[in-house]
Amino acid sequence: MRYFARKIGFYVIALWAALTINFLIPRLLPGNPVDILLAKLQQRGGIVTPATRKAYELLLGGDTSDPLIVQYWNYLVHVAQGDLGVSVSYFPAKVSDVIASSLPWTITLVGIATVIAAVIGVALGAFVGWKPGTWLDSFVPATTLLAAVPYFWLALILVYLFATTWHLFPSQGGYDVTLDPGWSPEFIGSAIRYGTLPALTIVIASIGGWLLGMRNMMVSTLSEDYILTARAKGLTEGRIMRNYAARNAVLPSVAGFAISLGFVVAGSIVTEQVFSYPGIGSKLLSAVTNNDYALMQGIFLFITLAVLGANLIVDLLYGLIDPRTRARG
Amino acid sequence: MTNIDTLTEPAVDQTTVAIATAGRPSEKSPRERSRWRSMLPSMTPWLAVGLVLVVGIILFGLITPFFAGDPNAIRDSGLMPPSAANILGTTQTGQDVFAQLATATRGSLTIGFLVGILATALSALFGILGSYLGGFADEAFSLFSNVFLVIPGLPLVIVISGFVPQQSRGLWTIAVVLAITSWAASARVLRAQTLSLRSRDYVAASKVAGEKAWRVITVEILPNLLPVLASQFVFAVIAAILGEAGLSFLGLGASNSSTLGTMLFYAQNGFALSLGAWWWFVPPGLMIALFGMGLSLINFSIDEIINPKLKNVRLHRKRAKAARKLDRGKAAA
């Protein structure tokens, strides 16, 4: 129980840290959102009066007359109420509504792609690592090429091959715009068709890491005494591989989920940009280009929350599958 | 055994002594060398491939920009496929892709190594110092790096870049931001390694001998962490080059910089994809991928030093192969 309490305590602190970073970024960095917006307005020939400045300050909620600690408290209260402000670029939509409309796309895309990559990668890694030194194993270093390929470049190549040259899959968007979004079979079919290339990008780019980690742990596990014991007992090879070697070797891959998820989320943001996918990543980028600060911060907060949540679940599961972590507490 | 022989056969003795004395310097150096060899990776075909890729690309980035011509010169021959005049063709505005690739490679390498050094230094500071001091400092540093580990890096970098105005977004800003968001994973590994090292007898001995903390860390602990640090540096460089490429591709990179990411940004915005100008967008990405692959292959060999079990497998395999060959030879004879 102590293990779970400790873990949840840690994630509460991490959440607080993320909230604080989110609060401090606009206040500590040199750029002032109001100045940037006013400069843009001036470039387009607008006349800037003190009243305009005041209006912008109120709109962005950056009323800087309060002391920092009061601002911080107000910010925390607003976040707790789910109020992330109003989006400028999707005015008058609330930031939380914009996020809610794009979140399902990203979660489905990243979720499915990550699960596929992890399952295939771990299975292949276990298979290759079980018999180190075979011709298959000697090709493992080549997978590093996949891990080093930038996500967005892979996306560009896939678009070039499958969309521009062979016309197999659409290159832009998340669904056929002539269809009404809903749970109709046509719409789901088109969503799958449009999502294939982005998902393929994420799977190809992230599978190498899973494979390699699993293969290395498998090789290390093979020299453990319990493998020798299992062999001495006369168990079948398949059973030793699955129940003795792979089961122990997979643990670091599960524990390393935090790091890999961070990479996948980062990769998916850039991938969404290439495909103009209606997910949260392209919303974040359009917020940055449109100087929509409230939306930007809201999305950062949401991505962080999602990553923290996923890690919390994995950590709690890890405590269940590996009793040693609980004992160490 | 030479002592017995000296009385009966002095001639032999002279030669053995000569051999022995001649052999002495080389007899000592193998031991010296083997100590170093355990720190250095052993040569494998994959390591050779990695070294060739990395050294080749570094040299390409260092030397080629001097004679590849002006990467920004605009010509009236836009979007030409590779030819004798332009090895890698031209961009939409007639700029030479090869010259751009050379300058961009240099830019990407610069930021990669800059961030690599910064991130490794940060991870060493938080990973080693905290776990060496122990107690509250360890708890605090460990919590700090764990928090940074779970906060997703690129979204944070994007938000930071969004707030910093374009003109003040220099090379160093991007490098520092990338370093701040990428050190945490290494710090955690270093912490675990240091925890196991600091309880060793020789560290305790040097503490008892009254060595200062910084000396114990730099002289007793740090050398044992070198392979780990090297591997983390290599990973940090890959991550930095990839991260910077992503940022620049999104148009959020350092202003006035030309890296492989900005090249891809211009290729994407110049509709290289729909125009089918593969010579424009394939080389930059391939360059990143190959450099990353080269570094990862080098890391493979470093991994074998950190985790000798991986190396044993290869040695066993070699021995098994040699034995098989021997058996076959005997059978044939």
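**Helical architecture of chain A and its contact with chain B**

Read along the sequence, chain A of this predicted model follows the pattern α-α-α-α-α-α-α-α-α-α-α-α-α-α, and its secondary structure accordingly comes to 14 helices and zero strands. Taken along the principal axes, the C-alpha atoms of the chain fill a box of roughly 85 × 55 × 40 Å. Chain A has 329 residues, of which 40% count as buried, and among the contacts in chain A that link residues at least 6 apart in sequence, 72% join residues at least 24 apart.

With regard to confidence, the mean pLDDT of chain A is 82, and 95% of its residues reach 70 or more. Among the elements of the chain, the highest mean pLDDT, 91, belongs to helix α9 (residues 225-232) of chain A, whereas helix α14 (residues 323-328) of chain A has the lowest, 69. Where pLDDT is low, the predicted coordinates should not be read in detail.

The contact between the two chains takes 49 residues from chain A and 49 residues from chain B. On the side of chain B that touches chain A, at least two residues each are supplied by α5 (135-150), α6 (153-163), α10 (213-249), α11 (260-269), α12 (278-306) and α13 (308-332) of chain B. The largest share of this side, ten residues, comes from α12(B). When the residues on the side of chain B that touches chain A are divided by character, 34 are nonpolar, 13 are polar and two are charged.

Conventions: Residues numbered from 1 in each chain as written. Chains lettered and ligands numbered in written order. Predicted model: local features only at pLDDT ≥ 70, side-chain atom pairs only at ≥ 80, totals over all residues. Contact = placed C-beta atoms within 7 Å. Helix = DSSP H or I, 4+ residues; strand = E, 2+ residues; numbered from the N terminus. Nonpolar A, V, L, I, M, F, W, Y, C, P; charged D, E, K, R; others polar. pLDDT = per-residue confidence, 0-100. Buried ≥ 20, exposed ≤ 12 C-beta atoms within 10 Å, placed from the backbone.
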